[in-house]
Amino acid sequence: MNIVGVESITYGVEDLEQAIRYHQDWGLTLVAKTDASADFELVDGTTLHLRRSDAPDLPPVNLNWLPHLMKSTVREVIWGAADQATVDAVAAELSKDREVTTDADGTIHSIDNLNNAMGFAVTKRKELTLNLPEINTVGNSGRPDKPAEATIRRAVHPYRYVHVVYWVPEDTQATVDFYINRLGFKMTDDMTGGGAFLRCGNSIDHHNLFLQRNNDGYYGFQHVAYEVKDLDEVAMLGQHMEENGWRTNVGPIRHNICSSFSWYLWNPAGGAIEALSDIDHIHDGWEVRTIDPSQEGFYGHSWTANPAHRGVRPAQWVDPIPEDA
Ligand SMILES: [Fe+2]
């Protein structure tokens, strides 16, 4: 399947104005707004949609998490396909055992094996190529006779989606099998039953989908990651969000699976949101790693700016509980 990545995400939100303000602070471009909805674009042309949580045309809530995190959530993730033939092939495959509907614009809608609403559409994204960062290191002048660009604070605008993450209750294998065998996703790293990092069939992102096992029965949407220009933009965006009153979940950190430099914040529209840069690029020929998250010394990251977060495990991932919960 020639699927390229996340194309569009639709949230159902309890407080629309708050969710709009949040995503404007996040640097997305507001392109349309009504009393009941708002539509945003990322730099590459992929989209985010906010709807009131009681909108009758939204797919149902499919989430089991802590109560204060269930007021608003993602209602549907649309995956981008390279061509119409791929969308048609997905429709034919999913129609074998579940309902598939088609919009006037050709977008198809269905559900995955955990009832997460999903769709597929021919991608409208612009392929972007940025210049490599100019940095000096010991013995290397990557930026001769120039100050660093990041000495000037700038507004950050996320370029593209990288991945979404779903909680999977107990055994993740059936869900892994669904995405690999039915939709052509590829395994990048396998956390031995603790979860699986999957990339779309036509993607070099380390993962476009992380299925994270949860032994407390959680299921449904957990977080979405956006790519920004470089490490400085991760820090600038995270700091900008905090300055506007939004709360950090974890970060900044350097992951030891996928390598990304990341900062996570709570999202009033649902779950968490992640700004990242410098994530691993994976090509065919990569050998799937089997990683045991219970191994001694494994923390999920090599360092964190907030040592109190070191050792945070999935079941405690929502700590601290927001004061307004
Ligand atoms: Fe992530």
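In the predicted model, ten strands form an open sheet of mixed pairing, ordered β19-β12-β13-β14-β11-β15-β18-β17-β16-β20. The edges of this sheet are occupied by β19 (289-290) and β20 (301-304), each of which pairs on one side only. Strand β12, spanning residues 186-190, is joined to β19 in the parallel sense through two bridges. Within this pairing, Asp189 has Arg289 of β19 as its bridge partner.

Helix α3 comprises residues 173-182, of which Thr175, Val176 and Tyr179 are buried. Viewed down the axis of α3, these buried residues fall within an arc of 105°, and they therefore line one face of the helix. That buried set packs against three strands, namely β11 (160-169), β13 (195-199) and β14 (209-214). The exposed residues Ala174, Asp177 and Asn181 are carried on the face of α3 turned away from the buried side. Just after the helix, Gly184 adopts a positive phi of about 75°.

Strand β14, one of the strands against which the buried residues of α3 pack, contains Asn214. This residue has 22 C-beta neighbours inside 10 Å; because the threshold for burial is 20 or more, Asn214 counts as buried. Asn214 is separated from Trp167 by 47 residues in sequence, whereas their C-alpha atoms are 6.2 Å apart in space.

A further open sheet, also of mixed pairing, is built from eight strands in the order β2-β3-β4-β1-β5-β8-β7-β6. Its edges are formed by β2 (29-33) and β6 (101-102); each has a single partner strand, so one side of each is left without a neighbour in the sheet. Helix α1, covering residues 16-25, packs on this sheet and touches β1 (3-13), β2, β3 (37-41) and β4 (47-52). The direction of α1 makes about 160° with that of β4. Strands β5 (residues 73-81) and β8 (residues 117-122) are paired in the parallel sense over five bridges. Ala81 has Val122 in β8 as its bridge partner. A second helix, α2 (residues 84-94), lies across β1, β5, β7 (108-111) and β8. Relative to β8, α2 runs at about 150°.

The domain assignment of the protein gives domain 1 as residues 3-122 and domain 2 as residues 160-310. A distance of 19 Å separates the C-alpha centres of domain 1 and domain 2. Contact between them involves 34 residues of domain 1 and 35 residues of domain 2. On the side of domain 1 that touches domain 2, the elements giving two or more residues are β1, α1, β5 and α2. Of the elements on that side, β1 gives the most, with seven residues. Classified by type, the side of domain 1 that touches domain 2 has 19 nonpolar, ten polar and five charged residues.

Definitions and conventions:
Residues numbered from 1 in each chain as written. Predicted model: local features only at pLDDT ≥ 70, side-chain atom pairs only at ≥ 80, totals over all residues. Pairing = 2+ DSSP bridges. Helix = DSSP H or I, 4+ residues; strand = E, 2+ residues; numbered from the N terminus. Contact = placed C-beta atoms within 7 Å. Axes fitted to C-alpha atoms, helices over the stretch in contact; angles between N-to-C directions. Buried ≥ 20, exposed ≤ 12 C-beta atoms within 10 Å, placed from the backbone. Arc of directions from axis to C-beta. Domains from an automatic or database assignment. Nonpolar A, V, L, I, M, F, W, Y, C, P; charged D, E, K, R; others polar.
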